[in-house]
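Reader: I'm new to this and I get lost when I look at a whole model at once. Please pick one part of the inside and walk me through it slowly, with every term explained.

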Amino acid sequence: MSALFNFQSLLLVLLLLICTCAYVHQIFPTILDRNKQGLMGIFWKAARVGERLSPYISLCCVFMAVSMVVGN
């Protein structure tokens, strides 16, 4: 099933996008900083969310991991 139709999969994709963008921005900041506008701006915004809401994103990742282990 596609991640668009399954809410848990959609949340998982969003969390992975946020975590990946924050990690890439930490390692290579110039890649995301020069692309703040347009389609690539989505990745810059996801990196900002991951950096600023890092404790909450971490808790969401832990809850998602537990729900995937227990739920399946």
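Author: Let's start with a word we'll need all the time: a residue is "buried" at under 20% relative accessible area, "exposed" at over 50%, and "partly exposed" in between (1.4 Å probe, protein chains only). A "helix" here is a DSSP run of H or I with at least four residues, and a "strand" is a run of E with at least two, both numbered from the N terminus. Keep in mind that this is a predicted model, where local features need pLDDT of at least 70, side-chain atom pairs count only at pLDDT 80 or more, and totals for chains, interfaces and linings use all residues. Residues are numbered from 1 along each chain as its sequence is written, and side-chain values use heavy atoms, with hydrogens and water left out.

The part I'd pick is helix H3, which runs from residue 41 to residue 52. Quick orientation before we zoom in: the chain has four helices and zero strands, giving the pattern α-α-α-α along the sequence. Its C-alpha trace spans about 40 × 25 × 15 Å along the principal axes. Of the 72 residues, 18% are buried.

Now, H3 itself. A helix's expected span is 1.5 Å times one less than its number of residues. With 12 residues, H3 should span 16 Å, and its end C-alpha atoms are indeed 16 Å apart. Five residues of H3 are buried: Gly-41, Trp-44, Ala-46, Ala-47 and Gly-50. What covers them? H1, H2 and H4 are included in that cover, with "contact" meaning heavy atoms within 4.5 Å.

Have a look at Ala-47, which is in H3. Its relative accessible area is just 1%, so Ala-47 is buried. Leaving out residues up to four places away in sequence, Ala-47 touches Cys-21, Ala-22, His-25 and Leu-32. You can also check its spacing to Val-24: the two are 23 residues apart along the chain, with 8.1 Å between their C-alpha atoms.

One of those partners deserves a stop. His-25 sits in helix H1 and is buried, at a relative accessible area of 9%. With the same sequence neighbors left out, His-25 touches Leu-32, Asp-33, Ala-47, Arg-48 and Glu-51.

That takes us across to H1, which covers residues 7-27. Its buried residues are Leu-15, Ile-18, Cys-21, Ala-22 and His-25. They cover an arc of only 135° around the axis, which puts them on the same side of H1; the arc is that of the directions from the helix axis to the C-beta atoms. A bit of background helps here: an α-helix has 3.6 residues a turn, so residues three or four places apart point the same way. The buried residues of H1 pack against H2 (29-33), H3 and H4. Ile-18, for one, touches Ala-46, Val-49, Gly-50 and Ile-57, again not counting residues up to four places away in sequence.

Several of these names come back in the largest nonpolar core, a term for buried Ala, Val, Leu, Ile, Met, Phe, Trp, Tyr and Cys residues joined through side-chain atoms within 4.5 Å. This core has nine residues: Leu-15, Ile-18, Cys-21, Leu-32, Trp-44, Ala-46, Ala-47, Ile-57 and Met-64. H1, H3 and H4 (54-71) each give two or more residues to the core. As general background, nonpolar side chains tend to be buried together in soluble globular proteins.

Cys-21 may make you wonder about disulfides, meaning pairs of cysteine sulfur atoms within 2.5 Å. The count is zero. The sulfur of Cys-21 has its closest cysteine sulfur in Cys-19, 9.5 Å away, too far for a bond. Cys-19 has its closest one in Cys-61 at 3.6 Å, which is also too far. Cys-21 is buried at 7% relative accessibility, while Cys-19 is partly exposed at 31%.

For contrast, step outside. Arg-34 is in the loop between H2 and H3 and is exposed, with a relative accessible area of 64%. Arg-34 and Trp-44 are 10 residues apart in sequence and 9.0 Å apart, C-alpha to C-alpha. Over in H4 you'll find Val-69, exposed at 66% relative accessibility. From Val-69 to Arg-48 the C-alpha distance is 29 Å, with their positions 21 residues apart in sequence.
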